[in-house]
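Biologist: Please take me through one part of this model slowly: the aromatic rings, and then what surrounds them. I'm in my first year, so keep it relaxed and spell out the reasoning.

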Amino acid sequence: MVRTKFEKEMDRLHLELIEMGSFVETAIDDSIKAFKNNDLDLCKTIIENDKQANDMEKRIESRCLWLIVREQPIASDLRKITTALKMITDMERIGDHAVDIAELVIRITDENTFADSIHIPQMSAVAIEMVRNAVTAYVNYDLPLAHATEAKDDIVDEYFNLIKHELVEIFKDQPQNMDNAIDFLLIAKYLERIADHAVNICEWVHFSQTGEHKNTLIF
């Protein structure tokens with residue numbers, strides 16, 4: 001069977017989405033590695049590389065618009081392209097949050113402050129998995145995976161609340177470390193937002209398959 005030009009272009013779109021998803025996953029992972037190891041050079045690399053995510057967003061956006069104008073897709077194909085346009089906005093913001101975390105790591109004044117914290121890396125592992133699975137769900141038209149990924153947001157929220165309470169207790173014992181405690185809390189908050197964007201992507205996956213959307217976007 002001869003594959004149409006449209007099918008080939010959709011394959012390219014999927015590959016570019018996978019590439020962007022992998023890029024932002026790596027950015028999040030690196031930001032947490034920098035956090036654990038107080039690696040300021042890695043932080044600077046994350047910040048410098050952010051332009052690549054912006055470039056990917058623009059390239060995918062251009063491909064989507066080209067497909068809409070030239071191919072005039074209808075029904076499910078149009079929903080898939082519309083979903084891709086929405087997804088790249090969330091992925092770009094995920095990359096921005098990885099940069100936000102890197103900037104906070106640079107700002108933390110004492111590399112030994114809360115060095116025994118394990119919950120932020122654990123929280124990040126769930127958030128990264130959610131991003132990866134959200135993109136996979138779109139590419140593989142896997143609605144059950146999208147729904148399962150959405151459900152993991154509760155785990156991230158539990159980690160955030162746990163970290164918040166721990167930092168309150170640490171601050172009581174170490175009031176001199178208030179600034180660092182606030183930065184730690186912000187890192188956890190950015191991870192929570194990353195998970196929210198992954199949920200947002202999953203809701204668009206649901207739309208691409210069913211034509212229905214909950215209209216709960218994260219900005």
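Modeller: Let's start with a word we'll need all the way through: a helix here is a DSSP run of H or I at least four residues long, and helices are numbered from the N terminus. Keep in mind that this is a predicted model. The mean pLDDT of the protein is 90, with 93% of its residues at 70 or more.

Begin in helix 7, with two rings that sit on one stretch of chain. Tryptophan 204 and phenylalanine 207 are 3 residues apart in that helix, so about one helical turn separates them. Each of these two residues is buried.

So how many aromatic pairs are there in the protein? The count comes to 2. One of them takes us further along the chain: phenylalanine 35 and phenylalanine 184 have their ring centres 5.0 Å apart and their planes at 65°, which makes the pair edge-to-face. Since phenylalanine 35 belongs to helix 1 and phenylalanine 184 to helix 7, this pair ties together parts that lie 149 residues apart in sequence. These two phenylalanines are buried as well. Now back to tryptophan 204 and phenylalanine 207: their centres are 5.2 Å apart and their planes meet at 85°, so that pair is edge-to-face too. The cut-off behind the label is that planes over 60 degrees apart count as edge-to-face.

Next, what surrounds these rings? Phenylalanine 35 also shows up in the contacts of isoleucine 187. If you skip the neighbours within four places in sequence, isoleucine 187 touches Phe35, Ile101, Leu104, Val105, Ile108 and Ile120. Isoleucine 187 is also one of the busy residues of the largest nonpolar core, which has 62 residues: Leu13, Leu17, Ile187 and Leu191 have the most contacts inside it. Helices 1, 2, 3, 4, 6 and 7 each supply at least two residues of this core.

Leu191 gives us a second way in, because it is on the contact list of valine 156, a residue at 0% relative accessible area and therefore buried. Valine 156 lies in helix 6. Leaving out neighbours within four places in sequence, its contacts are Met123, Val126, Ala127, Met130, Leu191, Glu192 and Ala195. One of those partners, methionine 123, is 33 residues away along the chain, yet the two C-alpha atoms are separated by 5.9 Å.

For contrast, try alanine 151, which sits in helix 5. With 47% relative accessibility, alanine 151 counts as partly exposed. Its C-alpha atom is 33 Å from that of leucine 67, a residue 84 places away along the chain. Helix 5, which covers residues 143–151, has the highest mean pLDDT among the elements, at 97. Helix 6, the home of valine 156, has the lowest, at 89.

Now step back and look at the whole thing. The protein has 7 helices and 0 strands, and from the N terminus the elements run α-α-α-α-α-α-α. Its radius of gyration is 19 Å, close to the 17 Å that the globule rule gives for 219 residues, so the protein is as compact as a globular protein of that length. Along the principal axes, the C-alpha atoms fill a box of roughly 65 × 30 × 25 Å. Of the 219 residues, 47% count as buried. The link between helix 1 and helix 7 has plenty of company: among contacts between residues at least 6 apart in sequence, 84% join residues at least 24 apart. As for the outside, the accessible surface is about 11000 Å², and 52% of that belongs to carbon and sulfur atoms.

Last, have a look at two of the loops. Most residues other than glycine have a negative phi. Asparagine 38 is not a glycine, yet its phi is positive, near 50°. It lies in the loop between helix 1 and helix 2, and its 26% relative accessibility makes it partly exposed. Tyrosine 141 is a similar story, with a positive phi of about 55°. You'll find tyrosine 141 in the loop between helix 4 and helix 5, where it is partly exposed at 38% relative accessible area.

Terms used
Residues are numbered from 1 along each chain as its sequence is written. This is a predicted model: local features need pLDDT of at least 70, side-chain atom pairs count only at pLDDT 80 or more; totals for chains, interfaces and linings use all residues. Side-chain values use heavy atoms; hydrogens and water are left out. A nonpolar core is a set of buried Ala, Val, Leu, Ile, Met, Phe, Trp, Tyr and Cys residues joined through side-chain atoms within 4.5 Å. Buried means under 20% relative accessible area, exposed over 50%, partly exposed in between (1.4 Å probe, protein chains only). Contact means heavy atoms within 4.5 Å. pLDDT is the predictor's confidence in each residue, from 0 to 100. The radius of gyration is taken over C-alpha atoms; the globule rule is 2.2 Å times the number of residues to the power 0.38. Accessible areas come from the Shrake-Rupley method with a 1.4 Å probe; for residues, only the protein chains shown count as cover. Rings of Phe, Tyr and Trp (its six-membered ring) pair if their centres lie within 6.5 Å; planes under 30 degrees apart count as stacked, over 60 as edge-to-face and the rest as tilted.
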